[in-house]
Amino acid sequence: MKKRLSLRLASAAAAAFAFLSAGATFAADPISLAGTWSFRLDRSDAGEREKWFEQTLPEKIKLPGSLPAQGVGDEPSVDTKWTGGIVDRSWFTEPEYAPYRQPGNVKVPFWLQPEKYYAGAAWYQREFEIPAAWAGKRVVLSLERPHWETRVWVDGRFIGSNNSLSTAHEYDLGASLAPGKHRLTVRVDNRMVIDIGENSHSISDHTQGNWNGIVGDISLRATSPVWIEDLQVYPQVATRSVTLKGRIGNATGRAGSGRLDFVVTPMGFNLGKEIAGKKLPVTWTADGAVFETEMSLSPEARLWDEFNPALYRLMAWLEGDQARATRGVHFGLREISTSGTQFLLNGRKTFFRGTLECCIFPKTGHPPVEVASWKRIIKTCQAHGLNLIRFHSWCPPEAAFVAADELGFYYQVEVASWANQSTTLGDGKPVDQWIYEETDRILKAYGNHPSFLLLPYGNEPGGRKANAYLARWVSHYRERDPRRLYTSGSGWPQLPENQFHVTPDPRIQAWGQGLRSRINAQPPETVTDYRDYIQQRSVPVISHEIGQWCVYPNFDEIRKYTGYLKPKNFEIFRDSLEAHGMGPLARDFLLASGKLQALCYKEDIESALRTPGMGGFQLLDLHDFPGQGTALVGVLDPFWESKGYITPSEFRRFCAQTVPLARLAKRVFATDETLEARLELAHFGAGPLDQAVPVWKLVTEKGGALARGKLAPRTVPVDNGIELGSIRVPLENVPAPARCKLVVALEATPFENDWDIWIYPARSPAETPAGVLVTGDFDQRALAALENGGKVLLTVPAARIKPDPRRPVALGFSSIFWNTAWTKGQAPHTLGILSDPRHPAQAAFPTEYPTNWQWWYLISRAGAIVLDELPRNLEPTVRIIDDWFTNRRLALMFEARVGKGRLLMCGLDLQDPAAQDPVTRQFRQSLLAYMTGSKFKPATDLTPAQVRSLLTDPRP
C-alpha cells in the first residue's frame, strides 16, 4: 500500500514540476516595469480635474524609487508640514536653536532630516507593451510598497485605487488588453489619506520618513481568465496534515468546472521528495468559487520552529474550462497556542525574546524589499540571543517574511496603526473600517508564513470606545484565521478576548516613574521578579517596550548617512558639546554611558527571565530610534551595527535560549558577611537538558578564583524558574576592598552568566585624619582652613547644590529613559558617570570608568554640580554625563586650589561615617587617604566666590 501511495505521489510531483517548468504555456513570465518613468508633482491636486492621465507627463524619474532619494521636493524649513507629533517644540522658539532655523542651515533635533521633502500627490507614467502571447489573458499590475495611496489609469481608463500600507497594490486590468503598446498612469499620494495616527511608523517622519514613490517590484503578469486567486494552508501538527482553503477567480462571466491538483515537497532538504499529493474536482460560478480540502502529509514531516525551520512548498494547478493556472506557496508545519500564562509552539513552551523594529532604515528611508537585507537584520538579532521582532505600527514586506521563515525567526506584525494622539478607535472614524480592510489584506498576503505568529491591531490605542472595538476585532480574527494569536494592542488594553497581553506593567522603569523606579530608588539586587503580576493573569504576558535606556550620541556615526536622510540632530548635539568645551570627550561619553545602558538592559531582561510563567519581553530597542526627539536606546546604531561597548556574545550571556540566573539579595557585602545566592535556569531550547551540571565560581577582577563549586546534575525541562541549588561563600578571607564576579555556567555548554559584586572591609577607620577638614558648609571655618594652606573635603548634600535655573539636573542611577524631549523632562536627566579608575582619589575604591552597581549608593543621594560658569580647565575628578540636549559640564566631584589651600568638593554628604553604608564609607576613606598623601595637587585655581556660586546656601 505504501509503495502504491508513493508512486501516486511521485507521479503527482513529476506532473507539478513539469507544469511549473512549462509555466510560459499557462501564464507568461512577468513583465518588469522598472526603469525610467515620466512624472509630475501635483501640488494643487489639479491632476484628476485636468486629466493628467490623458497627457504626457513632462519630467523623468527612476522607479522603483522614491522622490526624496532622487532629489525631488523642497528643502526643509520652519514651515515644513511634517507628519508626526513634535512634543518638545523648543526648536521653533528657543534662542539656542535660532542658528538652525535659518534658511540654508535648517537642522531639526527631533528626527532624521530629509534633504528634500514633499507630501502630496505625484503622478508617474510609462508605456508598456502587451505581447501577442497574452491575447485573451487576464493582466494584473502589481505595485509593491507604494507610499501611500495609489490610483491607476490605463489608456485613460480609470482602473481603481488602493490604500494599503502593508501589502502590494494589485490591479486587475482585465482580459481585454490588446497586444501592443498601452499607457499606464499611477497617482501616488503620501499625505495622511486616512488618519491612522500621525505617529504610526508606517507613515510618520519619526523613522522612515514620509516619502512618495514605489520602491518594490513593479510588474505585469498574465493569467488565464479563470485562475487561482488565493491559496491558504492551515497546518495541524498533531495529525501531520493541512487544510487547504482558497478561491478561484473567474473573469469569463460563465460557470465552469475543472480539477485542482496539489503536491507538497520539502524546501532545502530532501529536495525533490514529495510528501503529499491530492486531486480535487471543482466547479465555479460566474463569480468564481471557494474550495477547502484536507491533505495528509508524511508521518515524518518535520515541524517548523527557531531550531529547525523546515519549510514545504505547496504547488497547485488548475485545469478546466478556460482555466490553465498555477499557484505556489510555502509554509511550515507549526502551531502556536497557549497553556495558562505561557506560549506553546508545537506543544513546547516558548519564551519570546524580542526587539522592536520601527521602520528605521536610514540609508533608503524605506524598508528593504530584498531577502538578503532582512536576513542580515535577523542574523544580527539572533547573534544577540533574540528570537522575535515586533513591527511597531507597521507591517514588513514579503521579503522579510521569507527571510524569517528560512532562518527560523518569529514576528509580531501590526496593522500599520498607532491610533492615538491624532485619532481614536471605535468612534466611527475612517480608521475603524481601514483597520479591518488592512488586516484582511495582511492575512491574505502573509498568512501562510510560519514566522508570522502574533497580531495585535497596532500600538497603544486611544479612544473612549476603543476597548469595545478591539474586543470585536480580536474575536473576529480569532475565528477567521487561527494560525496565529491575537491581542487588542501593544501596550494595552488587557481584554478578556485577548489570547495574550502586551503590557508595560512588568518592567523596572515605568513611563513617568522617574527617580521612583526600582532601578533608581531601590538598592541593587537580582531577586525581584513579576510572578505576583503574572499569577493574576490567565493568558501569556509579554512585557511591552522594556529598556528604553539611552546612550550618548555616537558622532562617528554621522559619516554612515549616505542616503537622503541626514543626522542633522547629531550635528546640533555635537555643536553643543563643542560649545561647552567637551568635544574631545564625545567618544568617552558614548562608551561610559553605553556600559551603563548595557547594565540596565541586563537587569531588565533578567527580571523577565527569572519570572515563572512569563511569556516574553520586547526591547525598545536593540538598535537606536532616531525619532521622537532622538531616542538613542540601542546597543546598536540605526544601521544594526555595533557602537563598540558590548559584543553579541556578551549580550547573549544574559539573553539567550538558555540563561543561568542567580538570585542575590544584594550586590554589596562586608568581609564579616556570607554571600548567599539561589541559582536558577531559564531554558527555552529545543528540548530538555539531560543531566545538566551547574558550576559556579567567585573570581577577582583578574580572574583568580576565590571559591568555586559544582551542583548536583539534573535534567532541566523547557521552562524558567528552574532551581539549580544554593551557594554560600563566607567572605572573611577575601582581600577587601574588591570587585568580584559570581560566574554561573552549565558544564560543557556555552551557557554562562555573571554578576558583579563588591566586598568591603567590615570596619573602616571612622576618624578624620589630621590636616583635613570634612565639612558640609563653605563657611568661615572652611575659608580659614584654606587661607592657612589647609585641606578641605566639602561634602554638600544634593539639596544644597545650586540648580541650573533654566533646567535643573535630576541625577539618577540609571541612564535617561527614552529621552527628555519626548517625555517632557522625565528624570533622570543624566547618562551616568565618567570616572578615571587610575586616579589616586579612587585608589582604595575599586571602580571602572563607567557607572556600575556600587555607585548606586552614592549617586542615588547625590546632586550634580554644574561647572559651566567656572574655568574650562577645571576637570572633574568624577564627571557626570549630561543629556545631549544640554551638554552641561557636570561633576560629582572636583578638586581645586582655593587661596593657599586645597579643596575637594563632592555632591553628596560624607560627613558621618557611622551612618553610612559600606560603599560610602569606603569612598570617604579613599578620598581622605588621597587628600593626606602627596598626590593631592589640584591644578586649577578657584576663588571663594566661585565656590560659593555652586551652593544654594553657602553659609558664610
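Searching the whole structure turns up 54 aromatic pairs, counting rings of Phe, Tyr and Trp (its six-membered ring) whose centres lie within 6.5 Å, with planes under 30 degrees apart called stacked, over 60 edge-to-face and the rest tilted. One of them joins Trp-884 and Phe-885, a tilted pair at 5.8 Å centre to centre with 35 degrees between the planes. Both Trp-884 and Phe-885 are buried (under 20% relative accessible area; exposed is over 50% and partly exposed in between, using a 1.4 Å probe and protein chains only).

A word on the source: this is a predicted model, where local features need pLDDT of at least 70 and side-chain atom pairs count only at pLDDT 80 or more, while totals for chains, interfaces and linings use all residues. Residues are numbered from 1 along each chain as its sequence is written, and side-chain values use heavy atoms, with hydrogens and water left out.

Back to the rings. Phe-361, Trp-374, Phe-391, Trp-394, Phe-401, Phe-409, Tyr-411, Tyr-446 and Phe-452 are tied into a cluster by ring pairs. Phe-452 also has Arg-484 over its face, 4.0 Å from the ring centre. Elsewhere, the charged end of Arg-40 sits over the ring of Trp-52, 3.9 Å from its centre. The rule here is NZ of Lys or CZ of Arg within 6 Å of the ring centre and within 35 degrees of the ring normal.

Now for the charges: there are 57 salt bridges, each a side-chain nitrogen of Lys or Arg within 4 Å of a carboxyl oxygen of Asp or Glu. Three of them, including their N to O distances:

| Acid | Base | Distance (N to O) |
|---|---|---|
| Glu-94 | Arg-806 | 3.6 Å |
| Glu-571 | Lys-107 | 2.8 Å |
| Asp-261 | Arg-259 | 2.7 Å |

Glu-94 and Arg-806 are 712 residues apart; Glu-94 is partly exposed at 27% relative accessible area, and Arg-806 is exposed at 63%. Glu-571 and Lys-107 lie 464 residues apart, and both are buried. Asp-261 is buried at 2%, whereas Arg-259 is partly exposed at 38%. There is also a salt-bridge network linking Arg-653, Glu-701, Arg-739, Lys-741, Glu-752, Asp-754, Asp-756 and Glu-848.

What about disulfides? The whole-structure search finds 0, taking a disulfide as a pair of cysteine sulfur atoms within 2.5 Å. Cys-740 is buried at 1% relative accessibility, and Cys-906 is buried at 0%.

How values were computed:
Helix = DSSP H or I, 4+ residues; strand = E, 2+ residues; numbered from the N terminus.
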